[in-house]
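Colleague: I'd like to learn how to read a sheet and its charged pairs. Could you walk me through an example?

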Amino acid sequence: MTEMTPNPTILAAKPKPRPRPQVMRLTDAAATRIQELTQRADSEIVGLRVGIKNGGCAGQSYTVEYAHDIKPTDEIVEDKGVKILVDPKAVLFLLGTEMDYKTDKMQAQFVFNNPNQISACGCGESVQLTPAKIDG
């Protein structure tokens with residue numbers, strides 16, 4: 001072999017990258033509500049942006065807002081025909097989360113069933129999250 005010829009043993013030993021897990025998944029109710037919001041928005045939107053902000057009794061709260069554009073750092077989740085853009089700072093806190101939409105007599109809201117949530121305040125407006133543990 002010459003120096004210019006790659007060693008086939010080295011090339012064959014390179015492992016395939018493992019597939020990236022989907023950050024979040026949506027229930028049918030959440031997907032339906034996102035479609036409704038997208039259709040009746042005042043301006044063109046590409047989906048909903050989901051994130052985490054500091055504040056509240058328990059220390060953190062979820063954010064949901066219209067996304068008018070896709071940022072290069074957004075984690076894009078496409079599920080059940082709708083698009084969710086996840087703030088890159090929130091990805092580790094949202095891994096494995098199911099986003100649902102619930103209505104009752106007093107309120108209608110998106111609900112996050114998050115395996116990384118370790119506590120919540122009594123009023124339900126804020127949560128305490130820990131970053132997801134990544135199996136290596």
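Modeller: Sure. Keep in mind that this is a predicted model. Let's start with the sheet.

Colleague: Fine. What is the strand order, and is the sheet open or closed?

Modeller: The sheet is open, with three strands in the order β1-β6-β7 and mixed pairing. The edges are β1 (24–26) and β7 (108–113); each has a single partner strand, so one side of each lacks a neighbour in the sheet. On average, neighbouring strands here are turned by 30 degrees against each other, ignoring direction.

Colleague: In which sense do β1 and β6 pair, and over how many bridges?

Modeller: β1 runs parallel to β6 (residues 97–103), and three bridges join the two strands. To see one of those positions, look at Leu-26, whose bridge partner in β6 is Met-99.

Colleague: And which strands does helix α2 touch?

Modeller: Helix α2, residues 28–40, packs on the sheet and touches β1, β6 and β7. The direction of α2 makes about 70 degrees with that of β6.

Colleague: Now the charges. What is the general idea, and how many salt bridges are there in the whole structure?

Modeller: The idea is that side chains of opposite charge can pair when their charged atoms come close. Searching the whole structure turns up five salt bridges. One of them joins Glu-98 and Arg-25, at 4.0 Å from N to O. Glu-98 sits in strand β6 and Arg-25 in strand β1, so this pair ties together parts that are 73 residues apart in sequence.

Colleague: Are those two side chains buried or exposed?

Modeller: Neither, really. Glu-98 is partly exposed at 22% relative accessibility, and Arg-25 also counts as partly exposed, at 44%. The cut-off for buried is under 20% relative accessible area, so a value of 22% doesn't qualify.

Colleague: Which residue forms a salt bridge with Lys-102?

Modeller: That's Asp-100, with the closest N and O atoms 3.4 Å apart. Asp-100 is buried, with a relative accessible area of 9%, whereas Lys-102 is partly exposed at 45%.

Colleague: Got it. What about Asp-79 and Lys-80: how far apart are their closest N and O atoms?

Modeller: They are 3.9 Å apart, and the two residues form a salt bridge. Asp-79 counts as buried at 15% relative accessibility, while Lys-80 is partly exposed, with a relative accessible area of 40%.

Key
Residues are numbered from 1 along each chain as its sequence is written. This is a predicted model: local features need pLDDT of at least 70, side-chain atom pairs count only at pLDDT 80 or more; totals for chains, interfaces and linings use all residues. Side-chain values use heavy atoms; hydrogens and water are left out. Two strands pair if DSSP finds at least two bridges between them. Helices (H or I, at least four residues) and strands (E, at least two) are DSSP runs, numbered from the N terminus. Axes are lines fitted to C-alpha atoms, for helices over the stretch in contact, and angles run from 0 to 180 degrees between N-to-C directions. Contact means heavy atoms within 4.5 Å. A salt bridge is a side-chain nitrogen of Lys or Arg within 4 Å of a carboxyl oxygen of Asp or Glu. Buried means under 20% relative accessible area, exposed over 50%, partly exposed in between (1.4 Å probe, protein chains only).
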